[in-house]
Amino acid sequence: LDKIIGGFKGGQLITIGAGTGMGKSAFAVNIALNILRQEYGVAIWSFEMDEYEVVQRLFSVQTGKSYKTERYQEERYNLIRKFLEELSQELIIRTQPIKDLSLFYLDCQKGMKKKNLKVVIIDYLQLIHLSGSNKKATRVAEIEYITNSFKNIANELGLVIIILSQLSREHQRREDKTPILSDLRDSGSIEQDSNIVIFLSNLPEKLTPR
């Protein structure tokens, strides 16, 4: 990934788009672990998993052993202990919904001061519903406001904000199922505000990724 995009840079908004079950969360966890190994802080905002599930996912990727299996428990325990000793000091996990972007901004500021926060991962965009939103505003307009705010926060604080995004089901109805920008669910400003858009997809071998 570094060879393709030249690494992450402060101020970037990165979108990772994929359909249901394509491994967005697992991909994001791998990114988080690689950033942590470089001794930078990472915040993971997960709206589908509780804190225990997020930690277990991190452990499973770190150790290569699923927490659901009874085998290799001693080896896994030792690897988990090493993870806690070496990497967890820079890790922030949030599972409460983002309903107020000003509070999200303040939380990022605090993370920068206390945890050397550099990367924020949000899993996932379409699960954010702001409190006090104009009931007459469309969902697309709300998403546009959210992504524009994330872009401004990334720029102002010098953070990398990575948002995971669902794809619409339209791309599954096409003969060529290669994802394109318009497949981003509740699209509009997602591709405009993002510095980079990454798609995860199972492409037939005959197709060349775009």
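D107 touches W45 and R94, leaving aside residues up to four places away in sequence. The model is a predicted one. Start at this aspartate and work outward. D107 sits in helix α5, which spans residues 101-115. Is D107 buried or exposed? Its relative accessible area is 17%. The cut-off for buried is under 20%, so D107 counts as buried. Its side chain also makes a polar contact with the side chain of R94, at 3.2 Å. R94 belongs to strand β3, residues 91-94.

Now follow the other partner of D107, W45. W45 shares one aromatic cluster with F104 and F150. The count of aromatic pairs comes to two. F104 falls within helix α5 (residues 101-115). F150 falls within helix α6 (residues 139-157). W45 itself is part of strand β2, residues 41-46.

Strand β2 leads into the sheet. Six bridges join β2 to β4 (residues 117-123), and the two strands run parallel. Two facing positions help to fix the register. W45 stands opposite I122 in β4. I44 stands opposite I121 in β4.

Step back to the whole sheet. The sheet is open and has six strands, in the order β3-β2-β4-β5-β1-β6, with parallel pairing. β3 (91-94) and β6 (196-199) stand at the edges. Each has a single partner strand, so one side of each is left without a neighbour in the sheet. From one strand to the next, the twist averages 15°.

Return to β4, which pairs with β2 and also with β5. The β4-β5 pairing is parallel too, over four bridges. Here V119 has V160 of β5 as its bridge partner. How many of the seven residues of β4 are buried? Six are, and the strand is mostly covered.

Helices lie against these strands. Helix α2 (residues 24-37) lies across β1 (13-18), β2, β3, β4 and β5 (160-166). It runs at about 165° to β5. Helix α6 packs on the sheet as well, touching β1, β4 and β5. The direction of α6 makes about 160° with that of β5.

Next, look past the end of β4. Y124 lies in the loop between β4 and α6. The peptide bond from D123 to Y124 is cis, with omega near 5°. Most peptide bonds are trans, so a cis bond is worth a look. The ring of Y124 also has a charged neighbour. K24 lies over its face, at 5.7 Å from the ring centre. K24 falls within helix α2 (residues 24-37).

Two more loop residues deserve a check of the backbone. Most residues other than glycine have a negative phi. E39 has a phi near 70°, a positive value in a residue other than glycine. E39 is found in the loop between α2 and β2. With a relative accessible area of 60%, E39 is exposed. N116 is not a glycine either, yet its phi is positive, at about 55°. This residue is in the loop between α5 and β4. N116 is partly exposed, with a relative accessible area of 35%.

Definitions and conventions
Residues numbered from 1 in each chain as written. Predicted model: local features only at pLDDT ≥ 70, side-chain atom pairs only at ≥ 80, totals over all residues. Heavy atoms only, no water. Pairing = 2+ DSSP bridges. Axes fitted to C-alpha atoms, helices over the stretch in contact; angles between N-to-C directions. Contact = heavy atoms within 4.5 Å. Phe/Tyr/Trp six-rings, centres within 6.5 Å; stacked < 30°, edge-to-face > 60°. Lys NZ or Arg CZ within 6 Å of the ring centre and 35° of its normal. Buried < 20%, exposed > 50% of the residue type's maximum accessible area, 1.4 Å probe, protein only. Polar contact = N/O pair within 3.5 Å; in protein donor to acceptor, adjacent residues only side chain to side chain.
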